[in-house]
Amino acid sequence: MADTLSKLAKPEGATRDKVRLGRGVGSGLGKTAGRGQKGQYARTRGFKPHFEGGQTPIQRRLPKRGFISPFPTITAEVNVGDLEVFSAGANVDEQALVARGLVKGRFDRIKILGDGELTKAVTVSAHSFSKTAAQKIQKAGGKVVLVGGDGGAPQQ
């Protein structure tokens with residue numbers, strides 16, 4: 001037994017050489033490399049994805065329901081209470097939200113929701129606002145600016 005960590009060694013017989021399959025009949029695992037003759041188990045491709053041994057796969061047993069959009073619009077949601085981290089008079093837009101880490105990952109639009117309280121007057125630019133969010137921002141003395149479809153006209 002080594003008395004220092006730098007001189008540790010595995011005990012005798014702890015590791016074995018890797019078995020090299022298909023390297024001649026003398027190796028004991030040559031020719032078919034232990035896979036037998038023909039059949040699914042002998043193929044390199046193996047099993048099909050989601051194969052259940054001949055049983056009807058679950059994706060065929062379950063009924064199809066509803067519609068799933070292949071290109072969904074991903075909306076990032078930010079609550080009014082989260083905007084408290086910005087200083088009074090700040091211009092809160094997409095870049096500012098990403099820089100502060102309030103919005104992460106991939107998204108197509110930003111929606112401001114009304115959870116929480118806002119005590120500072122900030123100008124918030126987003127694609128959409130809930131009614132309560134717009135009210136709370138305006139009540140705090142801030143401004144609500146819609147970005148996108150209507151050319152960025154301010155909401156009254």
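Here is a short tour of two sheets and one serine.

Before you click, know that this is a predicted model: local features need pLDDT of at least 70, side-chain atom pairs count only at pLDDT 80 or more, and totals for chains, interfaces and linings use all residues. Residues are numbered from 1 along each chain as its sequence is written, and side-chain values use heavy atoms, with hydrogens and water left out.

**Stop 1: one sheet.** Select β1, β3 and β5 (strands are DSSP runs of E, at least two residues, numbered from the N terminus). They make an open sheet in the order β1-β3-β5, with parallel pairing. The edges belong to β1 (75–79) and β5; each has a single partner strand, so one side of each has no neighbour in the sheet. Strands of a sheet pair through backbone hydrogen bonds.

**Stop 2: Ser-128.** Now zoom to β5 (residues 128–129), where Ser-128 sits. Parallel to β5 runs β3 (residues 109–113), joined to it by 2 bridges (two strands pair if DSSP finds at least two bridges between them). Lys-111 has Ser-128 as its bridge partner. Is Ser-128 buried or exposed? At 14% relative accessibility, Ser-128 is buried (under 20% relative accessible area, 1.4 Å probe, protein chains only). Leaving out residues up to four places away in sequence, Ser-128's contacts (heavy atoms within 4.5 Å) are Arg-109, Ile-110, Lys-111, Ile-112 and Leu-146.

**Stop 3: another sheet.** Next, select β2, β4 and β6, an open, parallel sheet in the order β2-β4-β6. At its edges you'll find β2 (91–92) and β6 (143–146). Finish on β4 (residues 123–126), which pairs with β6 over 4 bridges; there, Val-124 stands opposite Val-144.

Notes: Buried means under 20% relative accessible area, exposed over 50%, partly exposed in between (1.4 Å probe, protein chains only).
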